[in-house]
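Okay everyone, thanks for coming. I'd like to walk you through one structure today, so have a look at the screen.

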Amino acid sequence: MRFKTVTSPHILRETSVGQVMRRVLYAMVPGIAALVWFFGWGILVNLAVATLVALVAETAMLVARGKPLALHLGDCSAVVTAWLLAVALPPLAPWWLTTIGVLSAIVVAKHLYGGLGYNPFNPAMVGYVVLLISFPREMSAWLIPHGVGQPHVLSLTDTLGAIFGGALPASISPDALTGATPLDVLRTRLGLGLTVTEIRNSPAFGIVAGHGWEWAALGFLAGGLWLVYIRAAAWQIPAGMLGALAVMSSIFFLVDPERYAAPWFHLWSGAAIYGAFFIATDPVTASTTPRGRLIYGAGIGVLVCIIRAFGGYPDGVAFAVLLMNIVAPTIDLHTQPRVFGARRG
């Protein structure tokens, strides 16, 4: 009996670093569109400034290290780092703030460790933490979302003036334009003795989380699920992170629902979904084994919940990711899959 076999080579379709990076950029578009709708032109200006600074810094470091420009600039890794950081910055962040963050990410966190593939820490989160620790006032000045209390909607000209000139039009009061994030509002008012129920009655809160923020999270969720579907991101990390965050926040909520927010508020607030699909899944700094990815993601989720409940910062995703970056090699070491044909134990 003869068997007909399809001719060789039996290989999978080639996927380059540049293709993966571009898919990450495409997946971010729905969430970015929601942010622009609710927070204005500043989001796009931040993206433009961050991209320009990242490309210049990447070029300078490649020249200094004697690396080929076309190859490394074409993989879009610097642009992805710039976008991941820029999305997390306040819409009216001054240009120098964005510049410092991107330089910290590209020069220090990436190239001083050897470039793409050698950095032990997520570059975008390193840049974000540098800014958060060094410039807490500038990093907390978020715009009031469109549709809450009829805030002023800045034109592109006014936005550029605020970002590059540091001044708003005389007719616009900064106090009427900017406000804290929902997580920051929750933390501050809990410290004043208010209950979660009283805080949630604020017009700044939407259906399950902050007005506008939940729609941005929905956009990032759609993009993240698409990345998982096309296998550009491992499902275990977001599943482990969001699952652990849901479980931990549920425990706190059941213990004292007036002191700790509901799990759905934690999942849809801040950078939880954004971090789960776009930050924690970084293939260089995350765990690489199937079981290790679940443990790695779960560790981030637990740390995020602990930082939000007891730490000094309202969100905690950036710190949680960097802390788990440290233990990712150890997780991989102890979660290696069994070699085919070898016995267990």
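Let's start with a word we'll need all the time: buried means under 20% relative accessible area, exposed means over 50%, and partly exposed is in between, worked out with a 1.4 Å probe on protein chains only. Before I use it, some small print: this is a predicted model, where local features need pLDDT of at least 70, side-chain atom pairs count only at pLDDT 80 or more, and totals for chains, interfaces and linings use all residues. Residues are numbered from 1 along each chain as its sequence is written, and side-chain values use heavy atoms, with hydrogens and water left out.

Right, salt bridges. The general idea is that side chains of opposite charge can pair when their charged atoms come close. Here, a salt bridge is a side-chain nitrogen of Lys or Arg within 4 Å of a carboxyl oxygen of Asp or Glu. So how many salt bridges does a search of the whole structure find? It finds three.

Take E58 and K110: their closest N and O atoms are 3.0 Å apart. This pair ties together distant parts of the chain, since E58 sits in helix α2 (residues 42-65) and K110 in helix α5 (residues 95-110), 52 residues apart. Helices, by the way, are DSSP runs of H or I with at least four residues, strands are runs of E with at least two, and both are numbered from the N terminus. Is E58 buried or exposed? E58 counts as buried, because its relative accessibility is 2%. Its partner K110 is buried too, at 3%.

Next up, R308 and D315, with closest N and O atoms 2.8 Å apart. R308 has a relative accessible area of 7%, so it is buried, and D315, at 18%, is buried as well.

Then there's E138 with R137, where the closest N and O atoms are 3.2 Å apart. R137 is at 63% relative accessibility, so this one counts as exposed.

Okay, switching to the backbone. Which residue in the loop between α3 (69-73) and α4 (77-87) should we look at? That's C76, whose phi is near 65°, a positive value in a residue other than glycine. C76 counts as buried because its relative accessibility is 16%.

Now hop over to R231, in the loop between α11 (213-229) and α12 (236-255). R231 isn't a glycine either, yet its phi is positive, at about 65°. With a relative accessible area of 78%, R231 is exposed.

That's my tour, thanks for listening!
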